Amino acid sequence: MIHVLLSVSNFDAPWAYGSMENILSSDMKVCILPLSYSEGWITDGEEWKESYGKGTDGYEELVRPFRSFGIKDPQISWVNYYEDDEASASRKIREADVLFFTGGYPDWMLQRLYDLGITEEVRNFDGVMMGTSAGAMIQLDTFHLTPEEDYEYQYYEGLALLGGFDIEVHYEEDLRHIEAIIRTLEDTGNPVIVMPNEGGAIIGDNMFELLGGAFVLETNDLDELYQAYDTLRTYGFEY
């Protein structure tokens, strides 16, 4: 399996295109799993269609980058939490060459995979698995959530398809992100792949490639991180 970890779905941009065209081809079938929304966002099938139905902004945002690689809309299927069951969702996964997990709320996404009965189907998938933000996080054995409006800093168990490292998505050089990276390095000792919105990583089949502005931090980088944190705090940068 090849894993593509991203912050946002801009992998058709110049910083990623050259690498992604070696992975995606025009004959591939894609299955998009938009399962990472909260109940305050989508609560039923009609609201799902308003967010992801053909012609919506959500639809275009997710389909557009695949078109850049010659993949046409009819080659893309969607797992709809309100219409699919275990059999239909499993069939879509088995027929796909690429699985794409959207960003949002990783705990909700993991729960919906379980509700649909497709957790093991996803684990057994042997193609290209892509994910943005939460969709990248859930591919790990464990991952942290950087504090934001809906979450405090905490750890979750993922699908355990990748392990031995963590990721920091949507990275900006601010107190919130640097503090989260420091805490993760101190708590786990594992390296952290740091991914700004124009950054990501390709992992699998004896390959490891950083995309765009992504970089790796390890425990031996802690002194520099402490210094960066103190500098930002001294000069009054906000979280």
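Here are some informal notes on the sheet, the helices packed on it and the salt bridges of this predicted model.

1. Start with the sheet. Seven strands make up an open sheet with mixed pairing, and their order is E3-E2-E4-E5-E1-E10-E11. At the edges sit strand E3 (76–78) and strand E11 (207–212), each of which pairs on one side only. Direction ignored, neighbouring strands are turned by 15 degrees against each other on average.

2. Strand E5 is a good place to look next. E5 covers residues 128–132, and five bridges join this strand to E1, the two running parallel. If you want to trace the pairing by residue, Ile2 has Val128 as its bridge partner in E5, while the partner of Leu5 in E5 is Gly131. As general background, strands of a sheet pair through backbone hydrogen bonds, either parallel or antiparallel.

3. E5 also pairs with E4. Four bridges join E4 to E5, and these strands run parallel. Here Leu99 stands opposite Met129 of E5.

4. How many of the residues of E5 are buried? Five of its five are, so to speak of E5 as mostly covered is fair under the cut-off of under 20% relative accessible area for buried. Val128, Met130 and Thr132 point one way from the strand, with Met129 and Gly131 pointing the other way, and all are buried.

5. Now the helices on the sheet. H3 lies across strand E2 (30–33), E3, strand E4 (98–101) and E5, and runs at about 150 degrees to E3. Helix H4 (residues 86–95) packs on the sheet too, where H4 touches E2, E3 and E4. The direction of H4 makes about 135 degrees with that of E2.

6. On to the charged side chains. The structure holds 10 salt bridges, and one of them joins Asp12 to Arg64, with the closest N and O atoms 2.4 Å apart. This pair links distant parts of the chain: Asp12 is in the loop between strand E1 (2–6) and helix H1 (14–20), Arg64 is in helix H3 (residues 57–67), and 52 residues separate them. Buried or exposed, what is Asp12? With a relative accessible area of 18%, Asp12 is buried, whereas Arg64 is partly exposed at 36%. In general, side chains of opposite charge can pair when their charged atoms come close.

7. A second pair to check is Asp73 with Arg67, whose side chains meet in a salt bridge at 2.9 Å, N to O. Asp73 is buried, its relative accessible area being 16%, and Arg67 is partly exposed with 33%. Which residues are linked in a network of salt bridges? They are Glu60, Arg67 and Asp73.

8. Finally, look at the pair in helix H9. Asp230 forms a salt bridge with Arg233, and the closest N and O atoms are 3.2 Å apart. The two residues are separated by about one helical turn because they are three residues apart in H9 (residues 222–234). Asp230 counts as partly exposed, at 37% relative accessibility.

Notes: Residues numbered from 1 in each chain as written. Predicted model: local features only at pLDDT ≥ 70, side-chain atom pairs only at ≥ 80, totals over all residues. Heavy atoms only, no water. Salt bridge = Lys/Arg side-chain N within 4 Å of Asp/Glu carboxyl O. Buried < 20%, exposed > 50% of the residue type's maximum accessible area, 1.4 Å probe, protein only. Pairing = 2+ DSSP bridges. Axes fitted to C-alpha atoms, helices over the stretch in contact; angles between N-to-C directions. Contact = heavy atoms within 4.5 Å.
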